[in-house]
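Here are my notes on the structure you asked me to read, set out as numbered points so that each can be checked on its own. Please keep the coordinates open while going through them.

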Amino acid sequence: MNVQAVLGEIRNRPGTGEVIPIINPATEEQITEFTDCGEDAVNDAVARAKAANEAKVWRGLPGSERAKILWRVADLIDRNADTLAELESLNAGIPPEQARIITAVGAEWFRYYAGWCTKIEGIAADVNTGGVMGPNSQLHAYTLKEPYGVVGLIFPWNGPVFNYCAKLAPSLAAGCTSVVKPAEETPLSALVLDRLLAEGGVPDGVVNLLTGYGHTAGAAITAHPDVEKVAFTGSTEVGKEIVRTASSNLKKVTLELGGKSPVLIFDDADLNMAITMAAMGIFIHSGQGCICGSRIFVQRGVFDQVVEGIVTIANNLKLGGPTEEGSMIGPLISAKQLNRVMGFLDDGKSDGVDIVTGGYRLDRTGYFVHPTVLTNVDPATSRLYKQEIFGPVVTVLPFDDDDEAIAYANDTTYGLCSTVWTSNLGRAHRIAKEIQAGTVTLNCQMTFDHSMPFGGYKQSGWGYEAGRAGIDTYLQSKTVWAQL
Ligand code: NAD
């Protein structure tokens with residue numbers, strides 16, 4: 001399937017709602033358009049997923065068979081990497097080499113979870129505590145790990161291939177059937193991946209793709225009584241909305257939400273490395289990564305040096321569209337996101353923060369904002385400091401000692417990621433225990449692997465993705481008792 005075919009296919013998808021344009025964020029040109037699938041399509045998709053679940057066409061397969069299929073899907077993703085990466089660049093503005101890496105990681109999600117298909121197991125125990133069965137009864141108990149029936153998988157635009165694979169690989173490994181909704185801004189690669197699942201051998205009805213808005217298709221999935229679980233990645237605000245809607249039938253909900261991740265740089269750190277990683281850790285993908293470190297705290301003695309280093313990198317990053325030679329950083333995803341980021345920057349200007357570099361939109365087509373470094377920000381009042389911006393904007397503040405650094409790190413309603421740069425290993429591990437976040441990286445940053453659990457403390461989420469915890473997200477536990 002080539003890019004032109006995908007653009008035509010989405011245009012021809014049936015729908016009953018609004019026509020939604022798909023925009024190239026680097027050129028502001030419309031690439032194609034599609035019609036919101038509408039509520040009837042959601043009902044049909046859930047019915048298909050429910051029928052496939054009841055017919056056991058997927059969960060009834062031996063784990064080894066599911067594993068082979070997932071492995072084949074991974075190989076197909078690799079084989080179609082050119083198309084997927086091209087779509088990722090066209091639709092999300094991601095530079096080609098980065099799009100390639102993301103696509104390769106997508107395939108690895110499927111290989112990793114192929115391995116888990118044959119390792120879904122519970123516990124067993126002999127129990128003789130009796131209860132009403134009498135003091136001498138001998139009982140044997142064991143647990144079964146069973147897939148939820150229909151799961152709703154909803155995710156954002158910031159890494160379309162990655163987000164699709166992160167949801168589909170574990171839910172399929174667990175044996176779930178699903179309805180899947182990518183972001184309305186970036187549904188294109190999902191069409192290809194959907195096709196590759198079928199080509200790899202995932203039976204009809206197991207995965208059902210829906211293309212539409214969040215407030216229409218997404219809300220209908222979340223409200224549907226036959227959807228047993230929703231696994232959502234997106235903003236904290238929509239996450240809360242999903243929880244409210246899901247309460248109608250007490251659906252289980254997993255949430256991977258926003259962050260305002262702190263980066264602590266101590267004066268004994270390898271400063272070259274810390275400066276480079278802290279800068280790339282916020283400016284990569286124009287700051288549109290949930291794990292971006294958007295609040296940097298620097299020990300006072302090296303504050304000026306670190307700010308200068310980050311600013312130098314910010315000023316030398318080549319922004320541009322994926323077809324522009326040497327581009328390292330792409331645009332923001334949409335005009336809406338651009339306005340949101342500029343709104344935060346306008347606030348900062350009226351609050352009197354120091355804009356050390358950036359703070360403006362580039363004078364060209366495309367939704368490009370210059371990487372922005374802000375100091376002299378008031379943590380008590382600044383919206384810039386408190387709220388997730390999801391743009392290339394970082395605040396940098398000084399601290400004096402470990403306690404102050406930890407207090408700053410935890411001074412947020414979020415708890416997704418955090419980073420500590422120091423050569424004092426004892427301090428690094430001590431601080432790792434104190435930070436209220438689901439991920440702490442010590443002398444490294446932006447680390448992620450499908451083999452290790454990823455989840456948020458506080459308002460950054462509920463539950464986990466990746467690792468063993470990632471397959472447990474799609475399994476429920478049943479306890480079986482037997483009298484011997
Ligand atoms: P968003 O919450 O606006 O949208 C995410 C998805 O939810 C989209 O598919 C959207 O259509 C859908 N949606 C919107 N309203 C809905 C509703 N009422 N009911 C059901 N679905 C609805 O988020 P976004 O702006 O697309 O993405 C950026 C956010 O995602 C950031 O906050 C970022 O931190 C977060 N994110 C988190 C992780 C993580 O793993 N923690 C990863 C990537 C992105």
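The points below take up the domains, a pocket, two helices and several loop residues of what is a predicted model.

1. The domain assignment divides the protein into domain 1, made of residues 3-257 together with 460-483, and domain 2, which covers 262-442. The C-alpha centres of domain 1 and domain 2 are 31 Å apart, and across the boundary 21 residues of domain 1 make contact with 25 residues of domain 2.

2. The second largest pocket deserves a look in this context, with its volume of about 290 Å³. Its lining counts 13 residues, of which Pro21, Ile23, Glu185, Ser334 and Ala335 are the closest to the centre. Strand S1 (19-24) and helix H12 (335-351) are the elements that give two or more residues to this lining, and S1 gives the most, with four residues. Both domains take part, since the lining of the second largest pocket draws at least three residues from each of domain 1 and domain 2. By class, the lining holds eight nonpolar, two polar and three charged residues.

3. Does helix H5 have the length one would expect, or which span do its 21 residues give? Helix H5 runs over residues 96-116, and at 1.5 Å a residue it should span 30 Å, which agrees with the 31 Å that separate its end C-alpha atoms. Its buried residues are Ala99, Ile102, Thr103, Gly106, Ala107, Trp109, Phe110, Arg111, Tyr113, Ala114 and Trp116. When reading such a list it helps to recall that an α-helix has 3.6 residues a turn, so residues three or four places apart point the same way. The cover over the buried residues of H5 includes helix H3 (63-79), helix H4 (81-92), helix H6 (160-174), helix H7 (188-200) and helix H16 (467-472).

4. Helix H10 can be read in a similar manner: its 13 residues, 271-283, reach 18 Å from the first C-alpha to the last, close to the 18 Å expected at 1.5 Å a residue. Leu271, Ala274, Ile275, Ala278, Ala279, Gly281, Ile282 and Phe283 are buried in H10. Among the elements that cover these buried residues are helix H11 (303-316) and several strands, including S10 (262-265), S11 (295-299) and S14 (393-399). Just after H10, His285 has a positive phi of about 55 degrees.

5. Two further residues call for a check of their backbone angles, given that most residues other than glycine have a negative phi. Phe390, in the loop between helix H13 (383-386) and S14, has a positive phi near 60 degrees. Asn443, in the loop between strand S16 (441-442) and strand S17 (454-455), likewise has a positive phi, near 55 degrees. As to exposure, Phe390 has a relative accessible area of 15% and is therefore buried, the cut-off being under 20%, whereas Asn443, at 32%, counts as partly exposed.

6. Val369 is found in the loop between strand S12 (354-357) and S13. Is this loop residue buried or exposed? At 0% relative accessibility, Val369 counts as buried. Leaving aside residues up to four places away in sequence, Val369 touches Leu319, Leu332, Leu338, Val341, Met342, Leu345, Tyr360, Arg361 and Pro392. Val369 and Val393 are 24 residues apart along the chain, and their C-alpha atoms are separated by 9.0 Å.

7. Ser418 is another loop residue, placed between helix H14 (402-409) and S15. Its relative accessibility is 2%, so Ser418 counts as buried. Not counting residues up to four places away in sequence, Ser418 touches Ser261, Pro262, Ile435, Ala437, Thr439, Val440 and Thr441.

8. Pro14, in the loop between helix H1 (3-12) and S1, makes a useful contrast, because with a relative accessible area of 71% Pro14 is exposed. Beyond residues up to four places away in sequence, Pro14 touches Thr35 and Cys37. Pro14 and Ala92 lie 78 residues apart in sequence and 24 Å apart in space, taken from C-alpha to C-alpha.

Notes: Residues numbered from 1 in each chain as written. Predicted model: local features only at pLDDT ≥ 70, side-chain atom pairs only at ≥ 80, totals over all residues. Heavy atoms only, no water. Expected span 1.5 Å × (residues − 1). Buried < 20%, exposed > 50% of the residue type's maximum accessible area, 1.4 Å probe, protein only. Contact = heavy atoms within 4.5 Å. 1 Å grid on protein atoms, 1.4 Å probe; cavity = no way out; pocket = protein on both sides within 12 Å on 5 of 7 lines; lining within 4 Å. Points joined across faces, edges and corners; volume = space filled by probe spheres on them. Nonpolar A, V, L, I, M, F, W, Y, C, P; charged D, E, K, R; others polar. Domains from an automatic or database assignment.
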